[in-house]
Amino acid sequence: FDYFFGSLKKHSSVIFFLTILAIFSYGINIVPGKVKSKDILWEPFNEDQIAGLVDAGNVILVNVTADWCITCQMNENFVLDRGSVFELLSLNKIIGQKADWTLPNSVITEYLSKFQRSGIPFNVIYGPQFPNGIVLPEILTQNSILSAVDKVAN
């Protein structure tokens with residue numbers, strides 16, 4: 001027992017870090033106010049709807065993602081599913097469309113090719129000031145999305 005508990009004490013900071021990482025990877029969200037569950041937050045990708053939604057004054061965030069894409073999962077777990085971005089999506093101040101490319105999908109492949117892209121993660125934000133969209137960086141931050149929202153909406 002001494003060996004086990006002595007080793008446990010020695011590695012407690014590593015165990016603590018891994019526990020915190022596990023909690024965040026499961027998407028625990030701490031956002032004030034009434035918000036939607038992250039499972040129903042995103043609408044299915046529909047490129048045909050984007051122009052009409054933008055014309056009506058909406059901001060649209062398209063998230064092209066896949067279950068096998070590690071960077072996509074990091075973007076979702078650490079940026080899209082928490083904080084100010086999550087709150088904007090939850091309160092319908094941004095309409096999120098998720099394009100799931102886990103399995104081959106010709107519609108999503110064609111959409112990516114319009115931006116001369118062939119890989120993911122890929123995120124575009126549309127709004128009244130930028131109806132053709134602004135391509136976001138591959139590694140998302142709260143600030144990169146919030147800055148883009150300000151730019152496309154005003």
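**Notes on the predicted model: surface patch and cores**

1. Ile70, Met74 and Phe78 make up a nonpolar surface patch, together offering about 300 Å² of accessible area. Patch members have over 30% relative accessible area and no salt bridge (nonpolar side chains Val, Leu, Ile, Met, Phe, Trp, Tyr joined within 5 Å; like charges within 9 Å). A salt bridge here is a Lys or Arg side-chain nitrogen within 4 Å of an Asp or Glu carboxyl oxygen. Areas are Shrake-Rupley with a 1.4 Å probe, and for residues only the protein chains shown count as cover.

2. This is a predicted model, with local features needing pLDDT of at least 70 and side-chain atom pairs pLDDT 80 or more, while totals for chains, interfaces and linings use all residues. Numbering runs from 1 along each chain as its sequence is written, and side-chain values use heavy atoms, leaving out hydrogens and water.

3. Met74 sits in helix H4 (residues 70–80); helices are DSSP runs of H or I, at least four residues, strands E runs of at least two, numbered from the N terminus. Met74 is partly exposed at 43% relative accessible area (buried is under 20%, exposed over 50%, partly exposed in between; 1.4 Å probe, protein chains only).

4. Overall, I see seven helices and five strands, and 34% of the 154 residues count as buried.

5. In the largest nonpolar core, 19 residues, the ones touching the most other members are Val62, Val64, Tyr111, Ile120 and Tyr126. A core joins buried Ala, Val, Leu, Ile, Met, Phe, Trp, Tyr and Cys through side-chain atoms within 4.5 Å. A second, separate core has 18 residues, including Trp42 and Val149.
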